[in-house]
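Subject: the model for you to look at

Hi,

Here is the structure I promised to pass on. Have a look at it first, and then read my notes below.

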Amino acid sequence: MGSRGVANMILSRASRMKAKLQSSLEASLLEIEDVSHQHAGHAAMKGNTAAETHFNVKIVSPKFDGLNLVKRHRLVYDALSEELQSGLHALSIVAKTPQEEGAAAKK
């Protein structure tokens, strides 16, 4: 097993997600909340032994500037493609530009 495989075993999925999103999207704000416990009994999760499967993600990035919501979400999914292939089941995403976040904070 290469060093990358060992690192993936040691770090939590949330930590890996944070590193990947920070690196690829240069986030000025990044919050990741593991809500897997809320979905443990759902039909889609029966037989799944992975502990970290469902997350809420709030990310503010200048790379979202000029992009619609679908394209912003695609950037997040692209950054997390390895996680999605290895047990990440669902994401709830709030993706804003720094200007949008600043305007929301003023309200």
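What follows is a run through the fold, the salt bridges, one helix pair and a few single residues.

First, a caveat: this is a predicted model, so please read everything below with that in mind.

**The overall picture**

The protein has five helices and three strands. Going along the sequence, they come in the order α-α-β-β-α-α-β-α. The chain has 107 residues, and 29% of them count as buried. Among contacts with a separation of 6 or more, 68% are between residues 24 or more positions apart.

**Salt bridges**

Side chains of opposite charge can pair when their charged atoms come close. In this model the count is nine salt bridges. I'll go through three that connect separate elements.

Start with Arg-13 and Glu-83, whose closest N and O atoms are 2.6 Å apart. Arg-13 is in helix α2 (residues 13–25) and Glu-83 is in helix α4 (residues 81–85), so this pair links distant parts of the chain, 70 residues apart. Are these two buried or exposed? Arg-13 has a relative accessibility of 6%, and it counts as buried because the cut-off is under 20%. Glu-83 is buried too, at 2%. The pair also belongs to a network of salt bridges, in which Arg-13, Arg-16, Lys-20, Glu-82 and Glu-83 are linked.

Next come Glu-101 and Lys-58, which form a salt bridge at 3.2 Å, N to O. Here Glu-101 sits in helix α5 (residues 98–106) and Lys-58 in strand β2 (residues 54–60), and the pair links distant parts of the chain, 43 residues apart. Lys-58 is partly exposed, with a relative accessible area of 22%.

Then there is the salt bridge between Glu-100 and Arg-72, with 2.7 Å between the closest N and O atoms. Glu-100 lies in helix α5 and Arg-72 in helix α3 (residues 69–79), so the pair ties together parts that are 28 residues apart in sequence. The two partners fall in separate accessibility classes: Glu-100 is partly exposed at 34%, while Arg-72 is buried at 7%.

**How α2 meets α3**

At what angle do the axes of α2 and α3 cross? It is roughly 125°, and the axes come within 9 Å. That makes α2 oblique to α3, because an angle of this kind falls outside the parallel, antiparallel and perpendicular ranges. The crossing of α2 past α3 is right-handed. On the α2 side the contact is made by Lys-20, Leu-21, Ser-24 and Leu-25, and on the α3 side by Leu-75, Val-76 and Ala-79. By type, the residues of this contact are five nonpolar, one polar and one charged. Note that Lys-20 turns up twice in these notes: in this helix contact and in the salt-bridge network above.

**Around His-73 and Ala-95**

His-73 is in helix α3 and is buried, with a relative accessible area of 19%. Setting aside neighbours within four places in sequence, His-73 is in contact with Ile-93 and Ala-95.

Ala-95 is in strand β3 (residues 90–96) and also counts as buried, at 7% relative accessibility. Which residues does Ala-95 touch, not counting those up to four places away in sequence? They are Ile-59, Phe-64, Arg-72, His-73 and Glu-100. That list includes Arg-72 and Glu-100, the two partners of the salt bridge between α3 and α5. As for Asn-68, its C-alpha atom is 9.9 Å from that of Ala-95, and the two residues are 27 apart along the chain.

**Ser-28**

The last stop is Ser-28, in the loop between α2 and β1 (29–34). Ser-28 is exposed, with a relative accessible area of 55%. Leaving out neighbours within four places in sequence, Ser-28 is in contact with Val-60 and Pro-98. Ser-28 and Thr-97 are 69 residues apart in sequence, and their C-alpha atoms are 9.2 Å apart in space.

If you open the model, you could begin with the Arg-13 and Glu-83 salt bridge and then move on to Ala-95 and its contacts.

Cheers

Key
Residues are numbered from 1 along each chain as its sequence is written. This is a predicted model: local features need pLDDT of at least 70, side-chain atom pairs count only at pLDDT 80 or more; totals for chains, interfaces and linings use all residues. Side-chain values use heavy atoms; hydrogens and water are left out. A salt bridge is a side-chain nitrogen of Lys or Arg within 4 Å of a carboxyl oxygen of Asp or Glu. Helices (H or I, at least four residues) and strands (E, at least two) are DSSP runs, numbered from the N terminus. Buried means under 20% relative accessible area, exposed over 50%, partly exposed in between (1.4 Å probe, protein chains only). Axes are lines fitted to C-alpha atoms, for helices over the stretch in contact, and angles run from 0 to 180 degrees between N-to-C directions. Angles under 35 degrees count as roughly parallel, over 145 as roughly antiparallel, 65 to 115 as roughly perpendicular and the rest as oblique. A crossing is left-handed if the near helix is turned anticlockwise from the far one by less than a right angle, and right-handed if clockwise. Contact means heavy atoms within 4.5 Å. Ala, Val, Leu, Ile, Met, Phe, Trp, Tyr, Cys and Pro count as nonpolar, Asp, Glu, Lys and Arg as charged, and the others, Gly among them, as polar.
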